[in-house]
Amino acid sequence: MPAPTIALSMVAREGREMQRYAPSGARLVAGVVALSSDKTKVLLVSSTARQDKFVLPKGGFETDEPTPEDAAMREAWEEAGITGRISKHLGVIDDPRPPKIFVPDVAGGGVVPPRAEYYFFEMEIEEELEKWPECERRIRKWATYQEAINGLLNRPELIEALNRSSIIK
């Protein structure tokens, strides 16, 4: 798989002006499951809303990014301060949570779009840097499979991505 190219800016992107959306209206999000070299641990980052809650590095797939892989690698850098390469596509996962705001059914068909569609990728880490764009806002931590599952209980889409990865359970 060709390596996405990202510019390592020390400024994290903010806002949704360049956010991509699926035809269904779902927000497109890209993220990584970054595993230790022995595949026994996953790197988690604290949520910006609550420093005691941890998530996988992920964020919006934007209009100036050619592929979801590019967006995932940028998010890994901005949120976790890691660089590396994509080793496996983990597929697309719909966010099972209800939309934050009322969304009328699509074309009268009674279908409410998912809140987001997540494109997840397994990542082999090459560098874990001390300074990164969100290092003042986020904590990163390594977790075993069970620790990660316990911490991600309210985020089934993140658990699904972890379960699709090569982490040793």
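Here are some short exercises with worked solutions on a predicted model.

**Exercise 1. Describe the fold along the chain.**
Which helices and strands does the chain have, and in what pattern?

*Solution.* Begin with the count: the chain holds three helices and seven strands. Next, walk along the sequence, and the pattern β-β-β-β-α-β-β-β-α-α appears. Then turn to the contacts between residues at least 6 apart in sequence: 74% of them join residues at least 24 apart.

**Exercise 2. Take stock of inside and outside.**
What percentage of the 169 residues is buried, and how much area does the chain expose?

*Solution.* Start with the inside: 47% of the 169 residues are buried. For the outside, the chain exposes about 8800 Å², and 53% of this comes from carbon and sulfur atoms.

**Exercise 3. Examine helix α1.**
What span does α1 reach, and is the helix largely enclosed or open?

*Solution.* First locate the helix: α1 covers residues 68-80, which is 13 residues. Now check its span: from first C-alpha to last, α1 reaches 17 Å, close to the 18 Å expected at 1.5 Å a residue. Then look at burial: 13 of the 13 residues of α1 are buried, so the helix is largely enclosed by the rest of the structure. Finally, step just past the end of α1, where G81 has a positive phi of about 70°.

**Exercise 4. Classify an aromatic pair.**
How are the rings of Y118 and F120 arranged, and are these residues buried or exposed?

*Solution.* A pair of aromatic rings is described by the distance of the centres and the angle of the planes. The count here comes to one aromatic pair. In that pair, the ring centres of Y118 and F120 lie 5.8 Å apart and the planes meet at 15°; planes under 30 degrees apart count as stacked, so this pair is stacked. As for burial, both Y118 and F120 are buried.

**Exercise 5. Find charges over rings.**
Which rings lie under R20 and K141?

*Solution.* Take R20 to begin with: its charged end sits over the ring of F61, 4.1 Å from the centre. Move on to K141, which lies over the face of F54 at 4.3 Å from the ring centre.

**Exercise 6. Map the surroundings of S165.**
Where is S165 placed, and which residues does it contact?

*Solution.* Place the residue: S165 falls in the segment after α3 (156-164). Its relative accessibility is 6%, under the 20% cut-off, so S165 counts as buried. Leaving aside neighbours within four places in sequence, S165 contacts V33, L35, K88, L90 and E122. To finish, a polar side-chain atom of S165 lies 3.3 Å from the backbone nitrogen of I167.

Methods
Residues are numbered from 1 along each chain as its sequence is written. This is a predicted model: local features need pLDDT of at least 70, side-chain atom pairs count only at pLDDT 80 or more; totals for chains, interfaces and linings use all residues. Side-chain values use heavy atoms; hydrogens and water are left out. Helices (H or I, at least four residues) and strands (E, at least two) are DSSP runs, numbered from the N terminus. The expected span of a helix is 1.5 Å times one less than its number of residues. Buried means under 20% relative accessible area, exposed over 50%, partly exposed in between (1.4 Å probe, protein chains only). Contact means heavy atoms within 4.5 Å. Accessible areas come from the Shrake-Rupley method with a 1.4 Å probe; for residues, only the protein chains shown count as cover. Rings of Phe, Tyr and Trp (its six-membered ring) pair if their centres lie within 6.5 Å; planes under 30 degrees apart count as stacked, over 60 as edge-to-face and the rest as tilted. A charge sits over a ring if NZ of Lys or CZ of Arg is within 6 Å of the ring centre and within 35 degrees of the ring normal. A polar contact is a pair of N or O atoms within 3.5 Å; within protein, one must be able to donate a hydrogen and the other to accept it, and residues adjacent in sequence count only if both atoms are side-chain atoms.
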